[in-house]
Amino acid sequence: QKHPAERLKEAINAKEKPKVNYEKSGILTAETNTVNGVVVQYTEPPDSAKPTKNWRLYVFKGDELVRTLHLHRQNSFMFGRERKIVDIATDHPSCSKQHAVLQFRRISKQNN
């Protein structure tokens, strides 16, 4: 019989060593993109900006005005069911937790 230390060495040498995985894990994004304990799936582009015009979004339920959102106050608005992080809650089963983003961006005008 072999000594237990020899058997351990053989077992370690027989196993294939794990290969290095360079794929994206999302861990760094999760650390920087967390709001109220929830990882935000959206990242604002570098050219995001508040709009120059006073845009508004009027929310109606039937014929009744429920809420007025002043869109010119933020760069972006997130729609979804995750109330901890969204700006505009959408309580419908067909909507995901982070369903959509209305993003304002800075554009440069070109003379043609």
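Q: Which residues make up the largest nonpolar core?
A: In this predicted model, the largest nonpolar core has 6 residues: Leu-69, Leu-71, Phe-77, Phe-79, Ile-88 and Phe-104.

Q: Is there another core, and what is among its residues?
A: Another core, of 5 residues, lies apart from the largest one, and Val-38, Val-40, Met-78 and Val-86 are among its members.

Q: Why would nonpolar side chains be found together?
A: As a general tendency in soluble globular proteins, nonpolar side chains are buried together.

Q: Back to Leu-69: what is it in contact with, leaving aside neighbours within four places in sequence?
A: Leu-69 is in contact with Trp-55, Arg-56, Leu-57, Val-59 and Ile-88.

Q: Turning to the strands, in which sense do β3 and β4 pair, parallel or antiparallel?
A: Strand β3, residues 56-61, and strand β4, residues 64-70, are antiparallel, with 6 bridges between them. Within this pair, Tyr-58 stands opposite Thr-68 of β4.

Q: And how many residues lie between β3 and β4?
A: The two strands form a hairpin with 2 residues between them. Gly-62, in the turn, has a positive phi of about 70°.

Q: What is the strand order in the open sheet of 3 strands?
A: The order is β6-β5-β7, and the pairing is mixed. The edge strands, β6 (88-89) and β7 (100-103), each pair on one side only.

Q: How many bridges join β5 to β6, and which residues stand opposite each other?
A: Strand β5, residues 76-80, runs parallel to β6 and is joined to it by 2 bridges. Gly-80 stands opposite Ala-89, and Phe-79 has Ile-88 as its bridge partner. Phe-79 and Ile-88 both belong to the largest nonpolar core.

Q: What about β5 and β7: how many bridges join them?
A: There are 4 bridges, and these two strands run antiparallel. Ser-76 has Gln-103 in β7 as its bridge partner.

Q: Why is β5 described as largely enclosed?
A: Strand β5 is largely enclosed by the rest of the structure because 5 of its 5 residues are buried. Both faces are covered: Ser-76, Met-78 and Gly-80 are buried on one side, and Phe-77 and Phe-79 are buried on the other.

Q: New topic: how much space lies in the largest pocket?
A: The largest pocket holds about 260 Å³ of space.

Q: Which residues line the largest pocket?
A: The lining consists of Ala-49, Lys-50, Pro-51, Thr-52, Lys-53, Trp-55, Phe-104, Arg-105, Arg-106, Ile-107 and Lys-109. Of these, 5 are nonpolar, 1 is polar and 5 are charged. Phe-104 is in the lining and also in the largest nonpolar core, while Trp-55, another lining residue, is in contact with Leu-69.

Conventions:
Residues numbered from 1 in each chain as written. Predicted model: local features only at pLDDT ≥ 70, side-chain atom pairs only at ≥ 80, totals over all residues. Heavy atoms only, no water. 1 Å grid on protein atoms, 1.4 Å probe; cavity = no way out; pocket = protein on both sides within 12 Å on 5 of 7 lines; lining within 4 Å. Points joined across faces, edges and corners; volume = space filled by probe spheres on them. Nonpolar A, V, L, I, M, F, W, Y, C, P; charged D, E, K, R; others polar. Core = buried A, V, L, I, M, F, W, Y, C linked by side-chain atoms within 4.5 Å. Buried < 20%, exposed > 50% of the residue type's maximum accessible area, 1.4 Å probe, protein only. Contact = heavy atoms within 4.5 Å. Pairing = 2+ DSSP bridges.
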